[in-house]
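User: Could you take a close look at one spot in this model for me? I'd like the surroundings of a single residue, plus the cysteines around there.

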Amino acid sequence: MRTRVLKLRTAQAVPDLLRNRDNILDLLPDSMEEVTVRDAEYHSDSRERWVENNQMATERNLNAHQRVIDEVARQLDDRAVILELAGGVGFDADLFLRRTDQFSCYILSELSPSMLEYARENNHLLAEKPVVLCCLDANQILIGDSQVDVVYTVAALHHFPHLDKSVREMDRVLKPGGRIVFGIEPNFFWMQTLTRLRPVYRKLFPAKAHSAADEVADGFVMSDFARIASLTGWELEKVLPGWFFTGFAHYGLETIFRVFRLRRRLRLPRAIERLLLLADKGVLRLPFSRPFAWHYTAVFRKPELAS
């Protein structure tokens, strides 16, 4: 049975969201950026292929996403409210819900109600646990002030067209002392390298649909996270670099898949992936190598109110 979509036009308190958790709650503003709308349509159209297209079941991706969830689940209590922005088909929500029951409300948000409906249909935990499905735009989060203990997003911050506005909105809904996790954000250096190669691989590879937001995304350098901290007043607790050798393996396999028009993506043996991840861990401990990681996870904390 199709889940009802309930349109709400004013900022909501978390208890009100929980009372309507059987519905998909539409908390989108009346207008959004065109690139945001097109990106939502692309991801909605590819929702059944999302896990396969992003190779989520591989050891390398499971390791990277679990690393983010480790940070999200840290220091929670039974009253914690978690807000995941741009949660896709609920892959990271599933990892979190399997990891801990130390929360009172988990808000899984996306732009498209069809993505959220697909997530609920394919994960019984979303119905069994105190999870609210919300359509939210990070530029205007229609949740009341100081309602949330942890805000996080995975591999999506670089899609936000007005980053400064979005992080200010996150700051507004976050409680003092709350934490923010930006997981698996692409490195500017590698993102720009792939962008420069785009005219070449568009000719070599078969045409395919692509994310509108990825077309204009820049990626991040490590100093960008310090700038976000300065803008918001957050404390930057850590920046975790991820993938070095693993990144070359990941994109190399993707290139082979497209050049040879394979039916299925090649899979590395799990033992080989673990060796690559172990090698990455050693290399990325070296200060000069950190700017060449393929992605970063940044963890912040909002200061407590002065007494």
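Which residues does Glu-110 touch, not counting residues up to four places away in sequence?

Analyst: Quick caveats up front: this is a predicted model, so local features need pLDDT of at least 70, side-chain atom pairs count only at pLDDT 80 or more, and totals for chains, interfaces and linings use all residues. Numbering runs from 1 along each chain as its sequence is written, and side-chain values use heavy atoms, with hydrogens and water left out.

Now to your residue. Glu-110 touches Ala-86, Gly-87, Gly-88, Met-115, Leu-116, Cys-134, Cys-135 and Leu-136, where contact means heavy atoms within 4.5 Å. Glu-110 sits in strand S4, residues 105-110; strands here are DSSP runs (E, at least two residues), numbered from the N terminus. Glu-110 is buried, meaning under 20% relative accessible area with a 1.4 Å probe, protein chains only. Still, Glu-110 has no salt bridge, and Arg-47, the nearest side chain of opposite charge, is 11 Å away. A salt bridge would need a side-chain nitrogen of Lys or Arg within 4 Å of a carboxyl oxygen of Asp or Glu. What Glu-110 does have is a side-chain polar atom 3.0 Å from the backbone nitrogen of Gly-88.

As for the cysteines, the disulfide count is 0, with a disulfide taken as a pair of cysteine sulfur atoms within 2.5 Å. Cys-105 is unpaired because its closest cysteine sulfur, in Cys-134, is 8.0 Å away, too far for a bond. Cys-134 is in no disulfide either, with the sulfur of Cys-135 nearest at 7.7 Å. Cys-105 is buried at 0% relative accessible area, and Cys-134 is buried at 0% too.

Technical notes
Helix = DSSP H or I, 4+ residues; strand = E, 2+ residues; numbered from the N terminus. Buried < 20%, exposed > 50% of the residue type's maximum accessible area, 1.4 Å probe, protein only. Lys, Arg positive; Asp, Glu negative; His and termini not counted. Polar contact = N/O pair within 3.5 Å; in protein donor to acceptor, adjacent residues only side chain to side chain.
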